Amino acid sequence: MVAKTPEGISLENLSKRASVYIDPECDLYLELQYLQSTKLTKCTCFDIHLLTSKGKKPNLKSFQDVQSLIQQGKKREAKIVLRENSWPTNSPIRSQLWPALCAQHHVGKTMLDGFYWDMVNQVFGTTELPEKPIMLPPFVDSTHCLPYHLTRKGRAVADRVVSVLGYACPDITYSPTLYPITSILLHFMSEEECYHCMASLVAPKEKVFITQTKLLYEVTWKTVMQIAKKHAKSAVNYLSTMCNGQKPESIFMDWCWWILGGLPFPHLVRVMDCFFHEGIKVFYRISLAILILFHKHVTSSNSDWDTDAIKNDIDNALPKFCKNIPVSPAKLLRTAFSIRALSSTYISRVFLKTEMLLKSKSVLSGPKQMVRSRSSDNLPTSQSQINVQMMSHTLTIRE
């Protein structure tokens, strides 16, 4: 029996995305998730209007439209297109779009054809996938190796891509988000293309995509907390009251997992459309949007959230909300990108101030910690240098 939407539209042809790394029924599962909701007006993962043949269909841009903007250097116009075009989760556009978006951030010489497989041979001695599990690099957080419906082969491929990247980039010492992003990419491209994309995302010095040290990972969650106090003030105040007198730092420490580990896959894919072009600031905005929507939902008069339940499990409140987020992917993005006065310059200022504070604490924490000064953790990062450059023109010199 062929599954249908409540409007009688067949879902048989909704899953056209070809990938040897994902469960064959993955797409159908993702598009049908919303049927599990008893209230179809609160679609948790898919805009129901996109499934209907009635009314005006959205006029979505093609890959050629976006590619033309990128080639002309029209980054702002490309940014708007990526934010506003709600391509379906299984749209084949991403097999071209995502590699093109990542490639524009590549630093250095272009990789020659076959470079990745030469690296695989060098690391593993063969290009055949090993039967035994691959030992992952130490910068991977094993608790967050999110597979996103990848098959056993797909997970083995993700392991191999991450391992080769770790071999090629020994400066990466702590990067828990690297593995999940690799898994997401494999939904839409080959193993070799995935490696090239990840290599492009860890290379840029002028724009952060993936944090690569424990210091910068801590800087990011503290940056989110600081900007949330200004741009999602009501939500932060509400969370503070729910923490039983304790500070809400522990909640923000998991901020990136609200997105990568909490959001339904269709929401996450739309977030990544923008992330691969704009960088980590997209995650910052999405995290603020989650806070704003969470506060609005749990404090509404018809909310099914219990205050005592939130207090008793405050650390899991936001992840739980994200898994059943009551808005469409388009609404989530609109909320994120409609936050006013959240400029890149302001974010960079908070980021730099936080980074300098953490480094000063590391230096002043005592003789035992001074050993760390031999590593790169206490040296100015490339990102902090860029942040200084971005802010320098805004500083006022007193006569």
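Biologist: Which residue takes a positive phi just after H10?

Modeller: That's Asn244, with a phi of about 55°. Keep in mind that this is a predicted model.

Biologist: Okay, and H10 itself? Which of its residues are buried?

Modeller: H10 runs over residues 233-242, and its buried residues are Ala235, Val236, Tyr238, Leu239 and Met242.

Biologist: What puts them on the same side of H10?

Modeller: The arc they cover around the axis is only 160°, so they sit on the same side of H10. As for partners, these buried residues pack against helix H9 (214-231), helix H11 (249-252), helix H14 (281-298), helix H15 (307-312) and helix H16 (317-323).

Biologist: That's a lot of helix names. How many helices and strands are there in the protein chain?

Modeller: The chain has 19 helices and zero strands. Of its 399 residues, 49% count as buried.

Biologist: Let's take a helix pair. How do you describe two packed helices?

Modeller: You give the angle between their axes and the distance between the axes. For helix H2 (residues 63-71) and helix H3 (residues 75-84), the axes cross at roughly 155° and come within 8 Å.

Biologist: Why is H2 called roughly antiparallel to H3?

Modeller: Angles over 145 degrees count as roughly antiparallel. The crossing is at roughly 155°, so H2 is roughly antiparallel to H3. The crossing is also left-handed.

Biologist: Which residues make that contact?

Modeller: Val66, Leu69 and Ile70 come from H2, while Glu77, Ala78, Val81 and Leu82 come from H3. Sorted by class, that gives six nonpolar, no polar and one charged residues.

Biologist: Now H6 and H7. At what angle do they pack?

Modeller: Helix H6 (residues 152-168) and helix H7 (residues 178-185) pack at about 130°, and their axes are 9 Å apart.

Biologist: What makes H6 oblique to H7?

Modeller: Check the cut-offs: roughly perpendicular covers 65 to 115 degrees, and roughly antiparallel needs over 145. An angle of about 130° fits neither class, so H6 is oblique to H7. This crossing is right-handed.

Biologist: Which residues meet there?

Modeller: From H6 you have Arg155, Ala158, Asp159, Val161, Val162 and Leu165, and they meet Leu178, Tyr179, Thr182 and Ser183 of H7. By class, the contact has six nonpolar, two polar and two charged residues.

Biologist: Moving to the loop between helix H5 (115-124) and H6, where Tyr148 lies: why does Tyr148 count as buried?

Modeller: Buried means under 20% relative accessible area, and Tyr148 has 11%, so Tyr148 counts as buried. Tyr148 also has a positive phi, about 50°, although it is not a glycine.

Biologist: And His149, which is also placed in the loop between H5 and H6: what makes His149 partly exposed?

Modeller: Partly exposed lies between the 20% and 50% limits. His149 has 33% relative accessibility, so partly exposed is the right label. His149 isn't a glycine either, yet its phi is positive at about 70°.

Biologist: One last residue, Cys197 in helix H8 (residues 191-202). How do you know that Cys197 is buried?

Modeller: Its relative accessibility is 3%, which is under the 20% cut-off, so Cys197 counts as buried.

Biologist: What is Cys197 in contact with, leaving aside its neighbours within four places in sequence?

Modeller: Trp98, Pro99, Cys102, Leu185 and Met189. Ala103 is 94 residues from Cys197 in sequence, but their C-alpha atoms are 6.5 Å apart in space.

Conventions:
Residues are numbered from 1 along each chain as its sequence is written. This is a predicted model: local features need pLDDT of at least 70, side-chain atom pairs count only at pLDDT 80 or more; totals for chains, interfaces and linings use all residues. Side-chain values use heavy atoms; hydrogens and water are left out. Buried means under 20% relative accessible area, exposed over 50%, partly exposed in between (1.4 Å probe, protein chains only). Helices (H or I, at least four residues) and strands (E, at least two) are DSSP runs, numbered from the N terminus. The arc is that of the directions from the helix axis to the C-beta atoms. Contact means heavy atoms within 4.5 Å. Axes are lines fitted to C-alpha atoms, for helices over the stretch in contact, and angles run from 0 to 180 degrees between N-to-C directions. Angles under 35 degrees count as roughly parallel, over 145 as roughly antiparallel, 65 to 115 as roughly perpendicular and the rest as oblique. A crossing is left-handed if the near helix is turned anticlockwise from the far one by less than a right angle, and right-handed if clockwise. Ala, Val, Leu, Ile, Met, Phe, Trp, Tyr, Cys and Pro count as nonpolar, Asp, Glu, Lys and Arg as charged, and the others, Gly among them, as polar.
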